[in-house]
Amino acid sequence: MSMYGREDETWDRFTEVGLAFLVERARLGKVTSYTELNTTLERRTELPAFEFEREIDRKAMGHLLGLVVGRNRPITGLMISALVHYLDANDAGPGFYALAKQLGLLPQRATSDEKLSFWISQVNGIHAYYSPRRIAAAT
């Protein structure tokens with residue numbers, strides 16, 4: 001089956017590599033951008049990058065981040081995609097909030113303040129979950 005012009009095997013590989021990259025960023029206590037994630041996916045998978053000037057590829061990146069959250073959330077209880085934001089912005093994209101609403105984590109009519117507070121809690125939670133100190137204490 002093909003979604004957004006890419007095969008299931010490609011989505012599986014992108015999900016695996018994207019999640020690994022976001023976990024790396026979380027362990028460093030950092031965030032990333034869509035551009036950096038896209039470049040990393042292309043370099044690590046040797047598959048064609050998303051072209052963000054194309055609407056279908058912007059939607060495809062959102063789909064990928066949903067897959068990454070779906071794989072990681074049962075483990076962490078959090079939305080690891082909170083670490084991905086627009087270049088030169090200090091916030092997640094609208095797809096992040098739409099998914100949070102779909103998952104029942106954010107009210108359907110959330111205010112800007114509620115969204116910002118939720119996003120910050122997710123970033124802080126992911127950083128804490130993957131903190132090297134937490135991991136060392138657990139072993």
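Reader: Why is Y4 called partly exposed, rather than buried or exposed?

Author: In this predicted model, Y4 has a relative accessible area of 29%, and since buried means under 20% and exposed over 50%, Y4 falls in between and is therefore called partly exposed. Y4 is located in the loop that joins strand 1 (2-3) to strand 2 (6-7), and its phi is positive, at about 55°, although Y4 is not a glycine.

Reader: What makes E46 count as exposed?

Author: The relative accessibility of E46 is 74%, and because the cut-off for exposed is over 50%, E46 counts as exposed. E46 sits in the loop between helix 2 (34-45) and helix 3 (55-76), and E46 too is a residue other than glycine with a positive phi, here of about 60°.

Reader: How do you know that helix 2 and helix 3 are roughly perpendicular to each other, and which residues make the contact?

Author: The two helices pack at an angle of about 80°, with their axes 12 Å apart, and because angles of 65 to 115 degrees count as roughly perpendicular, helix 2 and helix 3 are given that description. On the side of helix 2 the contact is made by Y34, L37, N38 and L41, and on the side of helix 3 by M61, L64 and L65. Sorted by class, these residues are six nonpolar and one polar, with no charged residue.

Reader: What makes helix 4 and helix 5 roughly perpendicular, and how is their contact composed by class?

Author: Here the angle is about 90° and the axes are 11 Å apart, and as the range for roughly perpendicular is 65 to 115 degrees, the term applies to helix 4 (94-102) and helix 5 (112-129) as well. Helix 4 brings F96, Y97, A100 and K101 to the contact, while helix 5 brings K115, F118, W119 and Q122. By class the contact has five nonpolar residues, one polar residue and two charged residues.

Reader: Which residues of helix 4 are buried, and what covers them?

Author: The buried residues in helix 4 are F96, Y97, L99, A100 and K101, and what covers the buried residues of this helix includes helix 3 and helix 5. Just after helix 4, G104 takes a positive phi of about 75°.

Reader: Why is A110 called buried although it is found in a loop?

Author: A110 belongs to the loop between helix 4 and helix 5, but the term rests on accessibility, and because buried means under 20%, the 12% of A110 places this residue among the buried ones. Leaving aside residues up to four places away in sequence, A110 touches K101 and K115. Between A110 and T32 there are 24 Å in space, C-alpha to C-alpha, and the two are 78 residues apart in sequence.

Reader: How much space lies in the largest pocket, and what residues line it?

Author: The largest pocket holds about 420 Å³ of space. It is lined by 20 residues, of which Y34, R58, M61, G62 and G95 are the closest to its centre. Helix 3 and helix 4 are the elements that give two or more residues to the lining, and the largest share, seven residues, comes from helix 3.

Reader: How does the lining of the largest pocket divide by class?

Author: The lining has twelve nonpolar, six polar and two charged residues, and because Gly counts as polar in this scheme, G62 and G95, which are among the residues closest to the centre of the pocket, fall in the polar class.

Definitions and conventions
Residues numbered from 1 in each chain as written. Predicted model: local features only at pLDDT ≥ 70, side-chain atom pairs only at ≥ 80, totals over all residues. Heavy atoms only, no water. Helix = DSSP H or I, 4+ residues; strand = E, 2+ residues; numbered from the N terminus. Buried < 20%, exposed > 50% of the residue type's maximum accessible area, 1.4 Å probe, protein only. 1 Å grid on protein atoms, 1.4 Å probe; cavity = no way out; pocket = protein on both sides within 12 Å on 5 of 7 lines; lining within 4 Å. Points joined across faces, edges and corners; volume = space filled by probe spheres on them. Axes fitted to C-alpha atoms, helices over the stretch in contact; angles between N-to-C directions. Parallel < 35°, antiparallel > 145°, perpendicular 65-115°, else oblique. Contact = heavy atoms within 4.5 Å.
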